[in-house]
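Let's take a walk through this fold together, one strand pairing at a time. Keep the viewer open as you read, and pick out the residues as they come up.

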Amino acid sequence: MSPSAPPLRSARARLVGALFALAVLAAGCTGGGEPAPEGAPAASDGGGASDGGGSSDGGADAADESGASDGGEQTAAALPRDPYPVTPAPDGFEPPAPCSGEGAYYAEVGGTGTPDLPERAGESLTIEAAGIDGADARLTATLGDGDPREIEDITLGETVTIDLWTLSVTSVCEETEQVEFDLIN
C-alpha cells in the first residue's frame, strides 16, 4: 500500500456520503413518489396548538384550512381545530336567571350576532348561535372570511377571547332560542 492510499479512501468515502446526501435531498424535494400519510399536518397554524401566534384566538384562521399543496402531486388533509377556550366566571360570581334579556349583542339559534361587532385591525368577527342546552350556549366564531370555529359551551359570566375581541355571555334564553353577550374589550 502506498502512503497516499488512506487519503484516497477518505476522499472516496466523502464523495459517496455527499452523493447519498444529495440523493436523499432530491427525493425529499420531489416527494419521493410516496403519498403523505393520512392525518399529516396540512399547514402551520402560525403558533402553538391553542394560541395561534401569541393571541388566544387560534390565529390559524389566516392559514389555508384546505390543506397545503405541493404543486399538484398530493394534498394533505386539514387537521380539526380545537374550540376556542372559555374562561370561567370569577370566584364568587352569582349568576342571575339565565334569561336576563341583558346584552349589547344577541344571536338567535341559527343566526349571526346583531349588531355587527366592530372591526379590529382590519378584521371582522361574526358570532353565530348554534344551539342552547339549558343555561349553556353553543356558539361559533368566524374571523374575517375564515371558516367557522366552535367555542366551548359557554354560560352566564363566562368569557371567551377570540383574537382582539373578548366577549361575555349575559343571557341564555332556551325558550326564545336567543343568546346575548357583551363586548368587554
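What follows goes from the sheets to the core, and then to a few individual side-chain pairs. Please keep in mind that this is a predicted model.

A good place to begin is the sheet with five strands. Its order is β1-β6-β7-β8-β2, it is open, and the pairing is antiparallel. The edges are taken by β1, residues 86-87, and β2, residues 105-108, and each of these pairs on one side only.

Let's cross this sheet from the β1 edge. β1 and β6 are antiparallel partners over 2 bridges, and here Val86 stands opposite Val160 in β6. Val160 also has a counterpart in the next strand along, where it stands opposite Leu167 in β7. Strand β6 covers residues 159-162 and strand β7 residues 165-173, with 4 bridges joining the two in antiparallel fashion. Another position to look at is Thr161, which stands opposite Thr166 in β7. In general, side chains in a regular strand alternate between the two faces of the sheet. The connection between β6 and β7 is a hairpin with 2 residues between the strands, and Asp163 in the turn has a positive phi of about 55 degrees.

Moving on, β7 and β8 pair in the antiparallel sense over 6 bridges. Ser171 stands opposite Glu180 in β8. These strands also form a hairpin, with 4 residues between them, and in it Glu177 takes a positive phi near 55 degrees. Finally, β8 meets the edge strand β2: 4 bridges join this antiparallel pair, and Phe181 in β8 is the bridge partner of Tyr105.

Now turn to the other sheet. It is open as well, with 3 strands in the order β3-β4-β5 and antiparallel pairing. β3 and β5 (149-150) each have a single partner strand, so one side of each is left without a neighbour in the sheet. Between β4 and β5, which run antiparallel, there are 2 bridges, and Thr140 has Glu150 in β5 as its bridge partner.

Strand β4 also holds Thr142. Is Thr142 buried or exposed? Its relative accessibility is 15%, and because buried means under 20% relative accessible area, Thr142 counts as buried. Setting aside neighbours within four places in sequence, Thr142 is in contact with Ser124, Leu125, Thr126, Asp147 and Pro148.

Next, the nonpolar interior. The largest nonpolar core has 24 residues, and those touching the most other members are Leu117, Leu125, Ile127, Leu139, Ile151 and Ile162. Two or more residues come from each of β2, β3 (125-133), β4 (136-143), β6, β7 and β8 (178-183). Leu117 makes a handy viewpoint: not counting residues up to four places away in sequence, Leu117 touches Tyr105, Leu125, Ile127, Trp165, Leu167, Phe181 and Leu183.

Two names in that list, Tyr105 and Phe181, bring us to the rings. The count of aromatic pairs comes to 1. Tyr105 and Phe181 form this pair, and it is stacked, with 5.7 Å from centre to centre and 15 degrees between the planes. The pair links distant parts of the chain, with Tyr105 in strand β2 and Phe181 in strand β8, 76 residues apart. Tyr105 and Phe181 are also both buried. Another ring to inspect is that of Tyr84, where Arg149 lies over the face at 4.0 Å from the ring centre.

One covalent link remains. The disulfide count comes to 1: Cys99 is joined to Cys173, with an S to S distance of 2.0 Å. The link between Cys99 and Cys173 is right-handed, with 95 degrees about the S-S bond. This pair, too, links distant parts of the chain, since Cys99 lies in the loop between β1 and β2 while Cys173 is in strand β7, 74 residues apart. How do the two cysteines compare in accessibility? Cys99 has a relative accessible area of 45% and is partly exposed, whereas Cys173, at 5% relative accessibility, counts as buried.

Conventions. Residues numbered from 1 in each chain as written. Predicted model: local features only at pLDDT ≥ 70, side-chain atom pairs only at ≥ 80, totals over all residues. Heavy atoms only, no water. Pairing = 2+ DSSP bridges. Core = buried A, V, L, I, M, F, W, Y, C linked by side-chain atoms within 4.5 Å. Buried < 20%, exposed > 50% of the residue type's maximum accessible area, 1.4 Å probe, protein only. Contact = heavy atoms within 4.5 Å. Phe/Tyr/Trp six-rings, centres within 6.5 Å; stacked < 30°, edge-to-face > 60°. Lys NZ or Arg CZ within 6 Å of the ring centre and 35° of its normal. Disulfide = S-S within 2.5 Å.
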